[in-house]
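User: I would like a close look at a single strand in this model. Please explain how that strand sits among its neighbours.

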Amino acid sequence: MGRLSLALLIAALFAVPVAAQNFIANGDFENGLTGWTLVSFNDPLGTTGVRLADVNGTGDATQAIYADFQTLTPVMSAFYNGTTFTAPQGTYPVSAAVSFEKQVTTPIPSVTANRVEFRLYDANVSPAVLVKTVNQYAPNQTGLVERVLFQNATFSIPATGNYYFGLFLRHSNLAGIPFIAHVDDFAFGEFGATINSGGSASLGNVLNLLLFAPSAASKPYFVGSALGTGPIVIGARKIDLGLDGLLVLSTSGVLPAIFDSYNGFLDTAGKATAKLNLPKDLGLVGIKVHSAFVTTDSAAPSGILTISNTCAVTIQK
Ligand SMILES: [Ca+2]
Ligand SMILES: [Ca+2]
């Protein structure tokens, strides 16, 4: 057996028991539009694709899917389909970072009604059937960029089978001003938990880690931050964190002023916010921090009820 085939065999053995946590292929768009198909875009003056943007407001720009709307009337939209995935019947949380970037400096004159629609399709039939749509509206914040972390929704897979998500970026003509809509860090968690980061990853500031595990409401949670994505295998599952010094430090509880609320209990809606208080240490600039969390239940396999996706930010000056 040649070296390559042996490597493939080992990879196959490893891949079988270790399931993925995120059904969304390339949901962080770091591989461009791989896995995403443009269905329609009707703005003759606009552009759409992938660009660098700080969608979650952490200070670092990463690749995000976008639509730059320059036609002000009528309503314009970009519609993409993601990759089909196989999911077991169940209810899973969804999360993403969404932003709407104003292309003029004048104040927003009215409610913009810009929105992103997350659409789940059943691909077991042809043509595929829309199962559910959840809207994330622009938050109508002042300033040039309106940001929101979308994490309040769950989608139910009605029967084990094949599904995909559509992303519909919609520009309203109400405000009469051009916008760029972005979506990044799109996660749909197989094990019922999602994490997203927001706030500022700059020295001396607080990076918020928003935890969401509706199936683990009121259960204990434990957040870890690491320098890499591992993964670490937990029974038949995995968590995408590296077993490194930062993970040991962040989970040890010895620096609660820095790793603030890294463990506790989710609220009755299955939510909590952990905080990474970044010290004013220039040596931290440029470090990429990956974070994920688990919830626990003594009756669950390995005592772990849910394992989240992993979110990453790069520490800024
Ligand atoms: Ca990204
Ligand atoms: Ca960012």
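Analyst: What follows looks at strand 3 and the sheet to which it belongs. The model is a predicted one, and everything said below should be read with that in mind.

Strand 3 covers residues 62-69 and is mostly covered, with 6 of its 8 residues counted as buried. Here a residue is called buried if 20 or more other C-beta atoms lie within 10 Å of its own.

On one hand, strand 3 pairs with strand 2, which spans residues 47-53, and the two are antiparallel, joined over 7 bridges. Within this pairing, A64 of strand 3 has R51 standing opposite. On the other hand, strand 3 is joined by 5 bridges to strand 11, residues 179-188, and this pair also runs antiparallel. Two residues of strand 3 can be placed against strand 11: I65 has V183 as its bridge partner, while A67 stands opposite A181. As a general point, side chains in a regular strand alternate between the two faces of the sheet.

Seen as a whole, the arrangement is an open sheet of 5 strands in the order 2-3-11-6-9, with antiparallel pairing. Strand 2 and strand 9 (145-157) stand at its edges, and because each has a single partner strand, one side of each is left without a neighbour in the sheet. Neighbouring strands of this sheet are turned against each other by 30 degrees on average, if direction is ignored. In that order, strand 3 takes its place between strand 2 and strand 11.

Key:
Residues are numbered from 1 along each chain as its sequence is written. Chains are lettered from A and ligands numbered from 1 in the order in which they are written. This is a predicted model: local features need pLDDT of at least 70, side-chain atom pairs count only at pLDDT 80 or more; totals for chains, interfaces and linings use all residues. A residue is buried if 20 or more other C-beta atoms lie within 10 Å of its own, exposed if 12 or fewer, and partly exposed in between; C-beta atoms are placed from the backbone. Helices (H or I, at least four residues) and strands (E, at least two) are DSSP runs, numbered from the N terminus. Two strands pair if DSSP finds at least two bridges between them. Axes are lines fitted to C-alpha atoms, for helices over the stretch in contact, and angles run from 0 to 180 degrees between N-to-C directions.
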